[in-house]
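Here is a short round of questions and answers on one protein chain. Look over the sequence and the model before reading on.

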Amino acid sequence: MAEINCTQVTEFSLTGFTEDPVTQVTLFLMFLLIYLFTILGNLGMIALIRATPQLHSPMYYFLGNLASVDLCSSAVITPKMLVDFLSEKKGIAYVGCVAQVFLFDLFAMTECFLLAMMAYDRYMAICHPLVYPLIMSPEYCFQLVTGSYLMGLTNGIGQTISMSNLSFCGSRVINLFFCDISPLISLSTSNTTLSRIILRTSASLFGLSSSLVVLVSYVAIISAILSIRSAEGKRKAFSTCASHLTTVSIFYGTSLFMYLKPSSDSSREDKWAAVLYTVVTPMLNPLIYSLRNKEVKEALRRLTKRK
């Protein structure tokens, strides 16, 4: 009967991080700076790859798409969060919440698969260098990237369907700084069995399968590197993977923690874990690849010198 008399929710309230005005201003300035670095870093990476013929290779094709996804995913979360820091009422309309769930899950899962494809690319380059140019053709790379976006789209649609089946008759306060499907399921007053099955299936099928590609690729890569006799050869081979491995560790570690942990109310630790993969990682990716990658630094030096 409660479900029959349930009034359709039109708005949710986000708790954010704190109610202290001084802390909110401090966090606003910090996250604004992060967002500006995210925009400039990722746009700069895309422009550098496009402008430098030496970077027109499969590795940087994937990296350019990763930068595009990072731009889009941060735009889904951060602007709204910045506005909420300066607003007394941290509300989000139901339609806006649905859109945020769809877009964030689309881009987050796309990033999972792009990182997996980048690991596969490094595996082919190090373990099968003779057939690498033949296998990793532009057409095949395009198919891999398209497949990553399709997996992200499938995940976004699945989570949106999951949310559309939920009813909210009690509290409408989301204990997070953005609309995420996991706290919404906890907030719902309807039967959440189907929604939990979709969430866990998606996280397990998509998240674990993409992370398995990364794991298997790097086991083979490390094995191949250890078989190299010269120390210089080992160092050079490992340096091509270090940036990607750093990015993978941050992104997969925090996202798998969020979605595969036992169900509970969002804690302060959960919020900061969410900050890592929604706000910080999109900023770190271009920094990691530019600071640790000799080809990117060399391309940037040449472009700066030419200007």
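Q: How many helices and strands does the protein have?
A: This is a predicted model. Along the sequence, its elements run β-α-α-β-α-α-α-β-α-α-α-α-α. The secondary structure comes to ten helices and three strands.

Q: Which element has the lowest mean pLDDT?
A: The protein as a whole has a mean pLDDT of 84, and 90% of its residues reach 70 or more. Among its elements, helix H2 (residues 58–85) has the highest mean, 93. Where pLDDT is low, the predicted coordinates should not be read in detail. The lowest mean, 72, belongs to helix H8 (residues 231–260).

Q: What share of residues 205–226 is helix?
A: An unreviewed UniProt entry annotates residues 27–48, 91–116, 205–226 and 272–291 as "transmembrane region". Over residues 91–116 the model has 88% helix and 12% strand, with the end C-alpha atoms 36 Å apart. Over residues 205–226 the end C-alpha atoms are 31 Å apart and strand is 0%. The helix share of residues 205–226 is 100%.

Q: Which helix gives the most to the largest nonpolar core?
A: The largest nonpolar core holds 83 residues. Phe12, Phe31, Ile174 and Phe177 have the most contacts inside it. The top contribution to this core is 18 residues, and it comes from helix H3 (residues 94–127).

Q: Which residues does Phe177 contact, leaving aside neighbours within four places in sequence?
A: Phe177 is one of the residues with the most contacts inside the largest nonpolar core. Its partners beyond four places in sequence include Lys271. The full set is Leu14, Gly16, Phe17, Ile77, Met81, Lys271, Ala274, Val275, Thr278 and Val279.

Q: Why does Met283 count as buried or exposed?
A: Met283 sits in helix H9 (residues 268–291). Beyond four places in sequence, it contacts Ile34, Phe37 and Thr38. The cut-off for buried is under 20% relative accessible area. Met283 has 13% relative accessibility, so it counts as buried.

Q: How far apart in space are Met283 and Gly41, C-alpha to C-alpha?
A: In sequence, the two residues are 242 apart. In space, the C-alpha distance from Met283 to Gly41 is 6.9 Å.

Q: What share of contacts between residues at least 6 apart joins residues at least 24 apart?
A: Contact here means heavy atoms within 4.5 Å. Among contacts between residues at least 6 apart in sequence, the share joining residues at least 24 apart is 79%.

Q: What share of the exposed area do carbon and sulfur atoms supply?
A: Of the 307 residues, 48% are buried. The protein exposes about 15,000 Å². Carbon and sulfur atoms supply 69%.

Technical notes
Residues are numbered from 1 along each chain as its sequence is written. This is a predicted model: local features need pLDDT of at least 70, side-chain atom pairs count only at pLDDT 80 or more; totals for chains, interfaces and linings use all residues. Side-chain values use heavy atoms; hydrogens and water are left out. pLDDT is the predictor's confidence in each residue, from 0 to 100. Helices (H or I, at least four residues) and strands (E, at least two) are DSSP runs, numbered from the N terminus. Buried means under 20% relative accessible area, exposed over 50%, partly exposed in between (1.4 Å probe, protein chains only). UniProt positions are given in the numbering used here, feature names are shortened, and annotations may be inferred rather than shown by experiment. A nonpolar core is a set of buried Ala, Val, Leu, Ile, Met, Phe, Trp, Tyr and Cys residues joined through side-chain atoms within 4.5 Å. Accessible areas come from the Shrake-Rupley method with a 1.4 Å probe; for residues, only the protein chains shown count as cover.
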